[in-house]
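Dear colleague,

Please find the structure below. My notes on it follow.

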Amino acid sequence: MNFLGFIDRLYDKKISSKGLAVFRICFAINLFFEVLRIYRYKELYFDAIPFLKQSPFDYSLPLLFWLLSLMFLTWGLITRIAAIVNYIFIVWILNK
């Protein structure tokens, strides 16, 4: 019974959300510049033979959409949807 009281006290403890907000902003800014670098050199990342044989899919628009979602995540606008979009792009593009 003492262990459950300990868990209840941990659950009810009030903690500031500023640390999580600072982490979210720093993570989004860092990832924004990484995606910007990927956008700048997308031919080297996604083409079969860079600058000679192009990829059948143009990655410009998805990368720009990813940059937009990272800006929303940094500014705190529609954070839940921006985080889901960011996760989908991380799984899809960075696992290529």
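**Contacts and overall form**

Of the contacts in the protein with a separation of 6 or more, 57% are between residues 24 or more positions apart; contact means heavy atoms within 4.5 Å. This is a predicted model, in which local features need pLDDT of at least 70 and side-chain atom pairs count only at pLDDT 80 or more, while totals for chains, interfaces and linings use all residues. Residues are numbered from 1 along each chain as its sequence is written, and side-chain values use heavy atoms, with hydrogens and water left out.

The secondary structure comes to 5 helices and 0 strands, in the pattern α-α-α-α-α along the sequence. The protein has a radius of gyration of 19 Å, well over the 12 Å that the globule rule gives for 96 residues, so it is more spread out than a compact globule. That radius is taken over C-alpha atoms, and the globule rule is 2.2 Å times the number of residues to the power 0.38. Helices (H or I, at least four residues) and strands (E, at least two) are DSSP runs, numbered from the N terminus. Along the principal axes, the C-alpha atoms fill a box of roughly 70 × 25 × 20 Å.

About 7,700 Å² of the protein is exposed, and carbon and sulfur atoms supply 68% of this area. Accessible areas come from the Shrake-Rupley method with a 1.4 Å probe, and for residues only the protein chains shown count as cover. Of the 96 residues, 24% count as buried. Buried means under 20% relative accessible area, exposed means over 50%, and partly exposed lies in between (1.4 Å probe, protein chains only).

**The core**

The largest nonpolar core has 15 residues, and those with the most contacts inside it are Val35, Phe46, Leu63, Trp66, Leu70 and Ile93. Helices H2, H4 (60-75) and H5 (79-93) each supply at least two residues of this core. H4 gives the largest share, 5 residues. A nonpolar core is here a set of buried Ala, Val, Leu, Ile, Met, Phe, Trp, Tyr and Cys residues joined through side-chain atoms within 4.5 Å.

Leaving aside neighbours within four places in sequence, Trp66 is in contact with Leu31, Val35, Asn86, Phe89, Ile90, Ile93 and Leu94. Leu67 is also worth a look. This residue lies in helix H4 and is buried, at 7% relative accessible area. With the same neighbours within four places set aside, Leu67 is in contact with Phe32, Val35 and Leu36. The C-alpha atoms of Leu67 and Phe32 are 6.1 Å apart, although 35 residues separate the two along the chain.

**The salt bridge**

The structure holds 1 salt bridge, meaning a side-chain nitrogen of Lys or Arg within 4 Å of a carboxyl oxygen of Asp or Glu. Arg37 forms it with Glu34, and the closest N and O atoms are 3.0 Å apart. Because the two residues are 3 apart in helix H2 (residues 18-40), about one helical turn separates Arg37 and Glu34. Arg37 is partly exposed at 40% relative accessible area, and Glu34 is partly exposed at 35%.

Lys18 also lies in helix H2 and is exposed, with a relative accessible area of 64%. The C-alpha atoms of Lys18 and Glu43 are separated by 39 Å, with their positions 25 residues apart along the chain.

**The surface patch**

Phe3, Leu4, Phe6, Ile7 and Leu10 form a nonpolar patch on the surface, with about 500 Å² of accessible area together. Patches are made of residues with over 30% relative accessible area and no salt bridge; like charges are joined within 9 Å, and nonpolar side chains (Val, Leu, Ile, Met, Phe, Trp, Tyr) within 5 Å. Ile7 lies in helix H1 (residues 2-12) and is partly exposed, at 37% relative accessible area.

**Two loop residues**

Asp47 is in the loop between helix H3 (42-46) and H4, and counts as buried at 15% relative accessibility. Not counting residues up to four places away in sequence, Asp47 touches Lys42, Lys53, Gln54 and Ser55. The C-alpha atoms of Asp47 and Leu94, 47 residues apart along the chain, are separated by 15 Å.

Ile78 is in the loop between H4 and H5. Phi of Ile78 is near 35 degrees, a positive value in a residue other than glycine.

Regards
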